[in-house]
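This report introduces a structure to a reader who has not met it before. The sequence and the model are shown first, and a short account follows.

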Amino acid sequence: MKSEHILPILEETAEKLGIRLRYEDLKKGEVDTQGGSFVLKGEKYVFVHKYLPAGEKVRVIEEALAEMDTSYIHIAPEIRERLERVRNKKRLTEVHIEGY
């Protein structure tokens, strides 16, 4: 599935999880990031640099969603598999760092 098709599905998934997804210019001034997630006053936010190509936007959102419990919502099987791959990759990286 192409990034242009995955992106709206991930946006919908974020909404189902109560995540506030924002596209902003994150390369202004001293800020230089592609995006990320944070919690502010109990609300989960994901900011994505609005000028990224669709594939990079997908990556940023997938990384944020992979940190969330998605077991209680319906997600298309392909999207659930993509999130699981991100989770597994992160676990492998953490194990490698701890075992260094």
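## Terms and basis

A residue is called buried under 20% relative accessible area, exposed over 50%, and partly exposed in between, with a 1.4 Å probe and protein chains only.

This is a predicted model, in which local features need pLDDT of at least 70 and side-chain atom pairs count only at pLDDT 80 or more, while totals for chains, interfaces and linings use all residues. Residues are numbered from 1 along each chain as its sequence is written, and side-chain values use heavy atoms, with hydrogens and water left out.

## Aromatic rings

Rings of Phe, Tyr and Trp (its six-membered ring) pair if their centres lie within 6.5 Å; planes under 30 degrees apart count as stacked, over 60 as edge-to-face and the rest as tilted. This rule yields three aromatic pairs. One of them is the stacked pair of Phe38 and Tyr45, with 5.4 Å from centre to centre and 10° between the planes. Phe38 also pairs with Phe47: the centres are 5.4 Å apart and the planes stand at 35°, so this pair is tilted.

Ring pairs thus join Phe38, Tyr45 and Phe47 in a cluster. Phe38 counts as partly exposed because its relative accessibility is 36%. Tyr45 is buried at 15%, and Phe47 is buried at 18%.

## Arg82 and its surroundings

Arg82 belongs to helix H3, residues 77-98; helices (H or I, at least four residues) and strands (E, at least two) are DSSP runs, numbered from the N terminus. With a relative accessible area of 19%, Arg82 is buried.

Apart from neighbours within four places in sequence, Arg82 is in contact (heavy atoms within 4.5 Å) with Ile6, Val58 and Glu62. The C-alpha atoms of Arg82 and Leu26 are separated by 25 Å, and the two residues are 56 residues apart along the chain.
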